[in-house]
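Got the viewer open? Let's take a short walk around the ligand and then on to a pair of packed helices.

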Amino acid sequence: MIDTLHQSGGRGTLFPGTPPALDLKGIDKAFDGKPALVDASFSLEWGEVHAIVGENGAGKSTLMNVAAGVYAADGGEQTIDGEARSPRSPMEATAAGLGMVHQHFRLVQSFTVSQNMLLSLGRDSRIRTPAQAAAAIAAKAAEVGLPVDPARVVADLSTAERQRVEIVRVLLLGARILILDEPTAVLSEEEAKMLLSFVRRLARQGHAVVLITHKFREVAGFCDRITIMRHGKTVMAGAPVADIDEGEVARLMVGEALAVSERPLSSPGAVNLSVSGLTQKPDRFGQGLNALNFELHAGEVLGIAGVGGNGQEELVACLTGLSRQDQGSIRLGGRDLSRASPYDRRKAGLRIIPSDRFETGLVRELSIEENLALTQVAKGNFGGPFFLDRKSMRHAAIAAIQSFDIRGASPERTVALLSGGNAQKVLLARELDAGMKVLVAHSPSRGLDMKATLFVRNAIKQAVEGGAACLLISEDLNEVLSLSHRVAVMNRGAIAGCRAIGDVTPEWIGALLAGHV
Ligand SMILES: Nc1ncnc2c1ncn2[C@@H]1O[C@H](COP(=O)(O)OP(=O)(O)OP(=O)(O)O)[C@@H](O)[C@H]1O
């Protein structure tokens with residue numbers, strides 16, 4: 001029966017005659033009078049993995065947040081396993097058997113996995129002590145085949161481990177309907193494959209899984225059906241994946257054909273960034289860096305390809321000054337910045353798009369105008385040390401919102417409320433300023449839809465054509481290949497090879513990624 005479902009592209013249900021696991025009809029939801037969902041619908045069968053795709057801001061997370069009791073809908077109907085139920089809180093949703101794992105995890109970092117579990121269980125649970133929680137977690141983790149160590153402190157866990165804790169947590173709370181909001185955006189390709197195989201297994205064992213994603217290969221490889229959203233509406237409801245191709249999905253998502261991004265049309269000028277012998281010893285979390293040498297020219301994109309966890313984060317931290325190398329030098333425009341503070345590096349023209357835009361890029365709780373002004377306040381551009389010139393901040397923000405096409409946003413809106421694509425545009429608007437000489441862009445289109453990805457890549461292209469140099473570090477090989485003039489491959493903290501784009505072949509990259517050269 002299991003294979004029948006997959007082979008037929010999920011046309012049927014694994015459990016004929018059973019009501020849908022989750023059914024949403026005519027859902028409306030507005031924020032501050034702005035509609036986020038308009039008559040949206042979604043239906044999930046037991047036993048399937050169902051993809052929801054759509055551009056940034058299409059309403060995917062909002063619709064699932066309504067299902068999971070995070071938001072109350074303004075109108076519409078919801079059933080869970082055939083019963084009319086509109087959870088008024090995540091606790092109520094959990095009690096009804098529905099659990100959601102959000103894009104940004106909701107764990108207390110300084111607590112152990114068991115302590116986090118006790119927090120979620122509430123007073124009515126029979127599990128009351130850390131030892132009982134540890135036993136329950138271990139049993140659930142073993143049952144579903146996800147390795148989780150209950151005794152570890154969350155702050156010491158990798159992103160993939162934290163995600164597994166979140167999944168085991170919602171399953172332990174009784175979820176049979178699991179909603180995963182862009183779970184692979186924070187994972188390496190290998191980790192993503194493991195996770196997706198796991199959710200597929202879980203569905204086949206009788207759960208129902210919703211996968212919000214931007215990646216068509218995940219839809220094609222692991223999902224049974226697909227629902228597409230655009231501007232708060234469902235534009236395709238539950239089509240069998242086998243019946244739809246990538247072009248059709250793209251057209252339905254954006255309602256138009258998309259241009260492709262291109263390499264900047266510039267030729268390399270003077271050396272803007274020179275990194276020599278950069279070395280950092282590995283610590284218990286990190287990979288370390290092993291004598292990195294490279295030069296980056298004005299008007300050039302140097303792409304660094306590689307599987308995540310091979311020293312990319314450490315390289316970015318050393319370049320920005322957030323961590324200190326043990327040996328080696330960093331020169332920008334001829335100036336030695338090896339021991340300079342992040343502030344002085346910025347003054348010298350270094351700009352950063354970090355891989356996690358909310359960790360070291362934007363401040364979630366601040367507004368768009370405040371985030372845009374952050375790097376300028378110390379220079380006195382928006383008032384002196386004792387007051388902020390809010391009027392100028394607002395004017396600057398209005399201009400940035402217009403030129404970077406930050407959709408549906410007013411300057412005073414909190415950045416946490418923006419969709420991923422719009423938040424990334426705020427970061428670009430701040431970083432790609434006139435003083436930029438070197439841009440370090442780490443996975444700049446991670447988690448973004450096709451249109452926002454194109455916007456980001458074109459913004460980088462224009463900046464480089466304007467004379468900036470860009471170090472593009474990305475696990476997305478397509479991104480590296482489509483933008484870079486030269487490509488280097490990072491493996492185990494070292495640069496394993498570097499070639500001009502014309503000489504790059506899939507075999508060469510493959511061999512370096514696998515460490516065979
Ligand atoms: N809590 C909130 N308050 C105000 N507006 C919100 C809130 N949550 C979402 N929105 C708005 O609702 C719209 C839909 O956002 P939503 O996050 O559901 O989109 P999405 O399809 O999940 O996008 P992404 O792929 O970027 O995560 C956006 O315009 C967003 O700014």
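Select α2 first: with three residues, α2 gives the most to the shell around the ligand. You'll find α2 at residues 60–67. Keep in mind as you click around that this is a predicted model.

Now show the rest of the shell. A total of 17 residues surround the ligand. Put sticks on the closest ones, which are Phe 31, Asn 56, Ser 61, Thr 62 and Ser 419. Try colouring the shell by residue class: ten residues come up polar, five nonpolar and two charged.

Which domains does the shell draw on? Colour domain 1 (2–97 + 176–254) and domain 3 (359–434), since each of them provides at least three of the shell residues. Like α2, helix α15 (420–431) supplies at least two residues of the shell.

Stay on α15 and add α13, residues 368–377. How do these two helices sit against each other? Their axes come within 9 Å and cross at roughly 30 degrees. That angle is under the 35 degrees cut-off, so α13 and α15 count as roughly parallel to each other. Turn the view to look through one helix at the other, and you have a right-handed crossing of α13 and α15.

To see what makes the contact, select Ile 368, Asn 371, Leu 372 and Thr 375 on α13, then Val 426, Ala 429 and Arg 430 on α15. Colour by class once more: the contact of α13 with α15 has four nonpolar residues, two polar and one charged.

Notes. Residues are numbered from 1 along each chain as its sequence is written. This is a predicted model: local features need pLDDT of at least 70, side-chain atom pairs count only at pLDDT 80 or more; totals for chains, interfaces and linings use all residues. A residue is near a molecule or strand if its C-beta atom, placed from the backbone, lies within 6 Å of it. Helices (H or I, at least four residues) and strands (E, at least two) are DSSP runs, numbered from the N terminus. Ala, Val, Leu, Ile, Met, Phe, Trp, Tyr, Cys and Pro count as nonpolar, Asp, Glu, Lys and Arg as charged, and the others, Gly among them, as polar. Domain bounds come from an automatic or database domain assignment. Axes are lines fitted to C-alpha atoms, for helices over the stretch in contact, and angles run from 0 to 180 degrees between N-to-C directions. Angles under 35 degrees count as roughly parallel, over 145 as roughly antiparallel, 65 to 115 as roughly perpendicular and the rest as oblique. A crossing is left-handed if the near helix is turned anticlockwise from the far one by less than a right angle, and right-handed if clockwise. Two residues are in contact if their C-beta atoms, placed from the backbone, lie within 7 Å.
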